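Student: I'd like to go through this model with you, a few contacts at a time. Could you start with the core once we have it on screen?

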Amino acid sequence: MNTIQATAATSTEDTAKLVLRVALAILLLFHGVTKLMGGVGFISGMLAKAGLPPAIGYLVYIGEVIAPLMILLGVWTRAAALVVVINMIVAVLLVHTGQFFTLSQTGGWALELQGLYFVSAIVVMLLGAGRYSMGGLNGKWN
(Lines give C-alpha, C1' and ligand atoms only; values in the text may rest on other atoms or scores of the structure.)
Protein backbone atom coordinates (compact mmCIF):
# COMPACT_ATOMS: atom_id res chain seq x y z
CA MET A 1 0.00 0.00 0.00
CA ASN A 2 1.44 3.33 -0.98
CA THR A 3 1.29 6.54 1.05
CA ILE A 4 -1.79 7.90 -0.76
CA GLN A 5 -3.72 4.66 -0.21
CA ALA A 6 -2.68 4.56 3.47
CA THR A 7 -3.80 8.17 3.97
CA ALA A 8 -7.15 7.48 2.28
CA ALA A 9 -7.68 4.37 4.43
CA THR A 10 -6.88 6.32 7.59
CA SER A 11 -9.24 9.12 6.54
CA THR A 12 -12.03 6.60 5.88
CA GLU A 13 -11.46 4.95 9.26
CA ASP A 14 -11.54 8.30 11.04
CA THR A 15 -14.72 9.25 9.19
CA ALA A 16 -16.32 5.93 10.23
CA LYS A 17 -15.33 6.57 13.85
CA LEU A 18 -16.91 10.02 13.64
CA VAL A 19 -20.16 8.66 12.19
CA LEU A 20 -20.38 5.96 14.88
CA ARG A 21 -19.63 8.45 17.67
CA VAL A 22 -22.17 10.99 16.44
CA ALA A 23 -24.92 8.39 15.96
CA LEU A 24 -24.38 6.81 19.38
CA ALA A 25 -24.13 10.14 21.18
CA ILE A 26 -27.17 11.76 19.59
CA LEU A 27 -29.41 8.73 20.10
CA LEU A 28 -28.38 8.47 23.76
CA LEU A 29 -28.87 12.19 24.27
CA PHE A 30 -32.57 11.82 23.42
CA HIS A 31 -32.88 9.59 26.50
CA GLY A 32 -30.84 12.02 28.58
CA VAL A 33 -32.85 15.07 27.57
CA THR A 34 -36.06 13.23 28.40
CA LYS A 35 -34.70 12.58 31.88
CA LEU A 36 -33.56 16.19 32.22
CA MET A 37 -37.09 17.35 31.43
CA GLY A 38 -38.98 14.67 33.35
CA GLY A 39 -36.60 13.84 36.18
CA VAL A 40 -35.27 10.52 37.41
CA GLY A 41 -38.13 9.62 39.74
CA PHE A 42 -38.94 6.50 37.72
CA ILE A 43 -35.36 5.26 38.02
CA SER A 44 -35.06 6.24 41.68
CA GLY A 45 -38.24 4.30 42.43
CA MET A 46 -36.87 1.17 40.79
CA LEU A 47 -33.60 1.52 42.66
CA ALA A 48 -35.50 1.81 45.95
CA LYS A 49 -37.48 -1.35 45.10
CA ALA A 50 -34.17 -3.12 44.46
CA GLY A 51 -32.92 -2.05 47.89
CA LEU A 52 -30.49 0.53 46.54
CA PRO A 53 -30.28 4.22 47.46
CA PRO A 54 -32.66 6.20 45.22
CA ALA A 55 -30.06 8.98 44.90
CA ILE A 56 -28.04 6.69 42.62
CA GLY A 57 -30.68 7.46 39.99
CA TYR A 58 -29.04 10.82 39.40
CA LEU A 59 -26.03 9.01 37.90
CA VAL A 60 -28.17 8.47 34.82
CA TYR A 61 -27.38 12.07 33.91
CA ILE A 62 -23.71 11.11 33.63
CA GLY A 63 -24.49 8.04 31.50
CA GLU A 64 -27.09 9.66 29.25
CA VAL A 65 -26.02 13.33 29.07
CA ILE A 66 -22.39 13.93 30.08
CA ALA A 67 -20.85 10.77 28.56
CA PRO A 68 -22.71 11.14 25.22
CA LEU A 69 -21.61 14.78 24.99
CA MET A 70 -18.02 13.70 25.60
CA ILE A 71 -18.36 11.00 22.92
CA LEU A 72 -19.90 13.49 20.50
CA LEU A 73 -17.09 15.99 20.99
CA GLY A 74 -14.36 13.37 21.15
CA VAL A 75 -13.06 14.23 24.60
CA TRP A 76 -11.98 11.35 26.85
CA THR A 77 -13.97 9.23 24.42
CA ARG A 78 -12.88 5.79 25.61
CA ALA A 79 -13.70 6.59 29.25
CA ALA A 80 -17.05 8.09 28.25
CA ALA A 81 -17.87 5.00 26.19
CA LEU A 82 -17.05 2.82 29.22
CA VAL A 83 -19.55 4.87 31.25
CA VAL A 84 -22.18 4.19 28.57
CA VAL A 85 -21.40 0.45 28.68
CA ILE A 86 -21.88 0.44 32.46
CA ASN A 87 -25.04 2.55 32.12
CA MET A 88 -26.51 0.04 29.67
CA ILE A 89 -25.69 -2.92 31.91
CA VAL A 90 -27.42 -1.21 34.84
CA ALA A 91 -30.42 -0.25 32.68
CA VAL A 92 -30.88 -3.82 31.46
CA LEU A 93 -30.50 -5.27 34.95
CA LEU A 94 -32.81 -2.70 36.50
CA VAL A 95 -35.53 -2.34 33.88
CA HIS A 96 -35.28 -4.96 31.16
CA THR A 97 -34.22 -8.24 32.78
CA GLY A 98 -37.57 -9.88 32.01
CA GLN A 99 -37.15 -9.09 28.31
CA PHE A 100 -33.69 -10.61 27.93
CA PHE A 101 -34.85 -13.82 26.24
CA THR A 102 -37.92 -12.44 24.47
CA LEU A 103 -38.79 -11.17 21.02
CA SER A 104 -40.64 -7.99 20.15
CA GLN A 105 -43.98 -8.02 18.34
CA THR A 106 -42.13 -7.50 15.06
CA GLY A 107 -39.84 -10.49 15.61
CA GLY A 108 -36.67 -8.71 16.70
CA TRP A 109 -34.94 -9.13 20.03
CA ALA A 110 -36.84 -7.18 22.67
CA LEU A 111 -33.57 -5.56 23.78
CA GLU A 112 -32.16 -4.79 20.36
CA LEU A 113 -31.94 -1.05 21.07
CA GLN A 114 -30.15 -1.59 24.36
CA GLY A 115 -27.94 -4.19 22.71
CA LEU A 116 -27.05 -1.81 19.91
CA TYR A 117 -26.14 0.96 22.37
CA PHE A 118 -24.08 -1.52 24.41
CA VAL A 119 -22.14 -2.93 21.44
CA SER A 120 -21.68 0.50 19.82
CA ALA A 121 -20.24 1.86 23.05
CA ILE A 122 -17.85 -1.11 23.27
CA VAL A 123 -16.73 -0.46 19.68
CA VAL A 124 -16.18 3.25 20.39
CA MET A 125 -14.28 2.30 23.55
CA LEU A 126 -12.01 -0.04 21.55
CA LEU A 127 -11.49 2.20 18.50
CA GLY A 128 -11.26 5.60 20.16
CA ALA A 129 -12.44 8.88 18.71
CA GLY A 130 -10.14 9.23 15.74
CA ARG A 131 -8.68 12.35 14.22
CA TYR A 132 -12.03 14.16 13.85
CA SER A 133 -12.40 14.90 17.53
CA MET A 134 -11.50 17.63 19.99
CA GLY A 135 -8.98 15.29 21.59
CA GLY A 136 -7.38 14.42 18.26
CA LEU A 137 -5.44 11.26 17.54
CA ASN A 138 -3.11 11.69 20.49
CA GLY A 139 -5.62 12.90 23.06
CA LYS A 140 -5.56 11.13 26.39
CA TRP A 141 -8.19 8.37 26.57
CA ASN A 142 -9.15 9.13 23.00
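**Core, salt bridges and rings**

Tutor: In the largest nonpolar core, which has 13 residues, the members that touch the most other members are Leu 24, Leu 28, Ile 71, Val 84, Tyr 117, Ala 121 and Val 124. A nonpolar core here is a set of buried Ala, Val, Leu, Ile, Met, Phe, Trp, Tyr and Cys residues joined through side-chain atoms within 4.5 Å, and buried means under 20% relative accessible area, with exposed over 50% and partly exposed in between, using a 1.4 Å probe and protein chains only.

Student: Which helices supply at least two residues of this core?

Tutor: H1, helix H3 (60-73), helix H4 (77-96) and helix H5 (112-127) each do so, and H4 gives the most, with 5 residues. Helices are DSSP runs of H or I with at least four residues, strands are E runs of at least two, and both are numbered from the N terminus.

Student: What kind of model is this, and what pLDDT do the features need?

Tutor: This is a predicted model, in which local features need pLDDT of at least 70 and side-chain atom pairs count only at pLDDT 80 or more, while totals for chains, interfaces and linings use all residues. Residues are numbered from 1 along each chain as its sequence is written, and side-chain values use heavy atoms, with hydrogens and water left out.

Student: Back to the core, then: what does Tyr 117 touch?

Tutor: Leaving aside residues up to four places away in sequence, Tyr 117 touches Leu 24, Leu 27, Leu 28, His 31 and Met 88, where contact means heavy atoms within 4.5 Å. Another core, of 6 residues, lies apart from the largest one, and Val 40, Leu 47, Val 60 and Tyr 61 are among its members.

Student: And which residues of H5 are buried?

Tutor: They are Gln 114, Gly 115, Tyr 117, Ser 120, Ala 121 and Val 124. As for geometry, H5 has 16 residues and reaches 22 Å from its first C-alpha to its last, close to the 22 Å expected at 1.5 Å a residue, the expected span being 1.5 Å times one less than the number of residues. After H5 comes Gly 128, with a positive phi near 85°.

Student: Switching to charges, how many salt bridges are there?

Tutor: The count comes to 2, taking a salt bridge as a side-chain nitrogen of Lys or Arg within 4 Å of a carboxyl oxygen of Asp or Glu. One of them joins Arg 131 to Asp 14, with the closest N and O atoms 2.8 Å apart, and this pair links distant parts of the chain, since Arg 131 sits in the segment after H5 and Asp 14 in helix H1, 117 residues apart.

Student: Are those two buried or exposed?

Tutor: Arg 131 is partly exposed at 39% relative accessibility, whereas Asp 14 is buried at 2%.

Student: What about Lys 35, which residue does it bridge to?

Tutor: Lys 35 forms a salt bridge with Glu 64, and the closest N and O atoms are 2.8 Å apart. Lys 35 is buried, with a relative accessible area of 18%, and Glu 64 is buried as well, at 9%. Glu 64 is also touched by Asn 87, along with Val 60 and Gly 63, not counting residues up to four places away in sequence; Asn 87 is found in helix H4 and counts as buried at 13% relative accessibility.

Student: Now the rings: how many aromatic pairs does the structure hold?

Tutor: It holds 3, where rings of Phe, Tyr and Trp (its six-membered ring) pair if their centres lie within 6.5 Å, and planes under 30 degrees apart count as stacked, over 60 as edge-to-face and the rest as tilted. The rings of Tyr 58 and Tyr 61 have centres 6.2 Å apart and planes at 40°, so that pair is tilted. For Phe 100 and Phe 101 the centres are 5.0 Å apart and the planes at 80°, so that pair is edge-to-face.

Student: Which residues do ring pairs link into a cluster?

Tutor: Phe 100, Phe 101 and Trp 109 are linked in this way. Phe 100 is partly exposed at 37% relative accessibility, and Phe 101 is exposed at 79%.
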